[in-house]
Amino acid sequence: MIELLNINKKYDDKDVLKNINLSLPKGKIISLIGANGAGKSTLLSIISRLTTSEGEIIIDDKNIDNYHITELSKKISILRQSNYLNIKLTVRELISFGRYPHSKSRLNEKDNKIIDESISYMNLDYLKNKYIDELSGGEKQRALIAMILAQDSDYIFLDEPLNNLDMKHSVSIMKLLRKIVKEKSKTVILVVHDINFASCYSDYIVALKNTGVLYAGDAEKIITKEKLKNIFDMDFEIEDIDGNKICIYYT
Amino acid sequence: MFKRIIILSISLIILGGISLFIGVSDITPLDIFQADSDKLHIFFISRVPRLMAILCTGMGLSIAGVIMQSIMSNNFVSPSTASTMDWAKFGVLIAILFFPGATLKTKMIISTLFAFFGSMLFVQLLSLIKLKDPIFTPLIGIMLGNVVSSVTTYIAYKYDLIQNISSWLQGNFAMVLQGRYELLYIGVLMLIIVVLFATKFTIVSIGEDFSKNLGVNYKLTVTIGIIIASIITSVVVVTIGSIPFIGMIVPNIIRIIRGDNLKNNIWEIALVGGLFVLVCDIFSRIIIYPFEIPISVTAGIIGSIIFLYILLRGNKHVKKTA
């Protein structure tokens, strides 16, 4: 479980996050939703120690500051939105960096097995010996997700992982995330913009608004007309299709 | 990979052999075989040290270059385009000024301190200005370097040291003699350290967030990288003098062929670095034989031609500054 106590973050003199107290359950897919500028990405990078803030972050009953840097990178991993990768590495080399926290640069059999597994999880077999600077945006994104999978941390943070991906790959990545949460008891925390991906795939939803947490709870309790209206300031229709709540908001 | 390393090593041995027998006094392999004592003397006091100095310099500067490129995430920085070399020269001047009669070792230490300080300053400067186009980074480096260099020259004039410093303003292997170049072997030590931490440096070159995620201490690795580059640069400046371009060109050529993973390309960068300086030095010695052109001139000319080629090839492999 991850607990956040009194998190405050300012950029210059502007509050970005104010007084965040939150606990994120283990073994679930957790979506962070909210309008642009609500602080989702900032919150994600604070929990994953990329950005500093006031307040305390406790991961599995231990303060984040008390973790050794290597230990922490086996505990949590993060993929940010802006991972420009103008570097000439093959896809497999990039993915093998995911094993760095475990084996440094001396990869053993187990590492290679995990790397190959991540490659086939992301359908990258046909690309694995290509240089990443020759890939499309979506392919790069998949390679990065594969690297995060190879890192094999307990908690996986993804900032808009579906960016650059077509519908087919978006759906297959969400399915994969659900699978690893179930089979390997990982915890996935992601920022999503498409409310229907949040609704269909997450167990738990945290909604941010105006620098604070507006709602946090099980997905089915958050995806309601009233709450969505409060979160996004717009009207939604919600239809139940095969047990999935689909939000309609285009008109 | 091994095939290429073997080919490179063989060319290095052949050209190294040729290099040993070029010079004003005529020495042939036969003389060595016959153990002609005068010629053996020249051979071991001057020729062999010169060859070793050439190899260590080329290798060292290339390693320094690729490390700087990794930690600054920019393919155009190097000791001579990020002001490191000018700071090292400034350090030597200060050493001469305040510690007259300083040994090579003292000069090297003071010069390293200055190179380290200056390079750190440059890195801080970069993180403050946030450049959009990666090509501006080396421009700022060269500007800063020129300012430092001007100050050096000014002080040298003022204290009548210009004769004294001109020897290391322009790199020259003609002065290399036994007992005056051994510091360069520190470069080999640095190479070993870089090989051990190769993956770390590659990860750092991708970016700060990326490194943090993988549990790599970004700031520490950057600092270590700058220390390594500063030591190599100062050693070269103190013993040989400044030589432009090598640190930038060699890693870029290898990158185009082999990619950016230091773990794979570090040996080739080292070998090609040695080879590049060796070829430049052979040119320097035969073009106006029996006289010599300073290596910095030859390296500058050959280097700038290759640099232009890399630039015109397009910015495809240029990394964006973070």
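These legends accompany close-up views of a predicted model.

**View 1. Four strands of chain A form an open sheet.**
The order is E2-E1-E4-E5, and the pairing is antiparallel. Strand E2 (14-24) and E5 of chain A stand at the edges. Each has a single partner strand, so one side of each is left without a neighbour in the sheet. Inside the sheet order, strand E1 (residues 2-11) of chain A and strand E4 (residues 54-59) of chain A are joined by 5 bridges. These two strands run antiparallel. One residue pair to pick out is A:Ile2 with its bridge partner A:Ile59 in E4(A).

**View 2. E4(A) and E5(A) form a hairpin.**
Strand E5 covers residues 62-63 of chain A, and 2 bridges join E4(A) to E5. The two strands run antiparallel. A:Ile59 stands opposite A:Lys62 in E5(A). A:Ile58 stands opposite A:Asn63 in E5(A). The hairpin has 2 residues between its strands. A:Asp60 lies in the turn, with a positive phi of about 45°.

**View 3. The second largest pocket is lined by residues that include A:Arg49 and B:Lys212.**
The volume of the second largest pocket is about 460 Å³. Its lining takes in 21 residues. Nearest the centre lie A:Arg49, A:Thr52, A:Asp65, A:Leu72 and B:Lys212. The elements that give two or more residues to this lining are, in chain A, E4 and helix H2 (69-75), and in chain B, helix H10 (208-213) and helix H11 (218-239). E4(A) supplies the largest share of the lining, 3 residues.

**View 4. Aromatic rings pair and cluster in chain B.**
The whole structure holds 9 aromatic pairs over all chains. One of them is B:Phe43 with B:Phe44, an edge-to-face pair. Their ring centres are 5.2 Å apart, and the planes meet at 90°. How buried or exposed are the two partners, B:Phe43 and B:Phe44? B:Phe43 is buried, with a relative accessible area of 7%. B:Phe44 is partly exposed, at 46%. Elsewhere in the view, B:Trp87, B:Phe90, B:Phe114 and B:Phe117 form one aromatic cluster.

**View 5. Lysines sit over tyrosine rings in chain A.**
A:Lys88 lies over the face of A:Tyr131, at 4.7 Å from the ring centre. A:Lys227 places its charged end over the ring of A:Tyr215, 5.2 Å from the centre of that ring.

**View 6. A:Cys200 and A:Cys247 do not form a disulfide.**
A disulfide is a covalent bond between the sulfur atoms of two cysteines. The count here is 0 disulfides over all chains. Why is there no bond at A:Cys200? The closest cysteine sulfur to that of A:Cys200 is in A:Cys247, 8.0 Å away, which is too far for a bond. The cut-off is a pair of cysteine sulfur atoms within 2.5 Å. Seen from A:Cys247, the closest cysteine sulfur is that of A:Cys200, again at 8.0 Å. A:Cys200 counts as buried, at 17% relative accessibility. A:Cys247 is buried too, with a relative accessible area of 1%.

**View 7. Loops carry a cis peptide bond and positive phi angles.**
The cis peptide bond joins B:Tyr289 and B:Pro290, with omega about 5°. B:Pro290 is in the loop between helix H13 (262-286) and helix H14 (295-312) of chain B. In chain A, phi of A:Asp152 is near 55°, a positive value in a residue other than glycine. Where is A:Asp152? A:Asp152 is in the loop between helix H6 (137-151) and strand E7 (155-159) of chain A. At 28% relative accessibility, A:Asp152 counts as partly exposed. A:Thr211 has a phi near 65°, also positive in a residue other than glycine. Its place is the loop between strand E9 (204-209) and strand E10 (212-218) of chain A.

**View 8. A:Arg106 is exposed in a loop of chain A.**
The loop runs between helix H4 (100-103) and helix H5 (109-121). A:Arg106 has a relative accessibility of 66% and counts as exposed. The C-alpha atoms of A:Arg106 and A:Leu43 are separated by 34 Å. Along the chain these two residues are 63 residues apart.

Terms used: Residues are numbered from 1 along each chain as its sequence is written. Chains are lettered from A and ligands numbered from 1 in the order in which they are written. This is a predicted model: local features need pLDDT of at least 70, side-chain atom pairs count only at pLDDT 80 or more; totals for chains, interfaces and linings use all residues. Side-chain values use heavy atoms; hydrogens and water are left out. Two strands pair if DSSP finds at least two bridges between them. Rings of Phe, Tyr and Trp (its six-membered ring) pair if their centres lie within 6.5 Å; planes under 30 degrees apart count as stacked, over 60 as edge-to-face and the rest as tilted. Buried means under 20% relative accessible area, exposed over 50%, partly exposed in between (1.4 Å probe, protein chains only). A charge sits over a ring if NZ of Lys or CZ of Arg is within 6 Å of the ring centre and within 35 degrees of the ring normal. On a 1 Å grid over the protein atoms alone, a cavity is a set of points where a 1.4 Å probe fits but cannot get out, and a pocket is an open set with protein on both sides within 12 Å along at least five of seven lines; lining residues have an atom within 4 Å of a point. Grid points are joined across faces, edges and corners, and a volume is the space filled by probe spheres set on the points.
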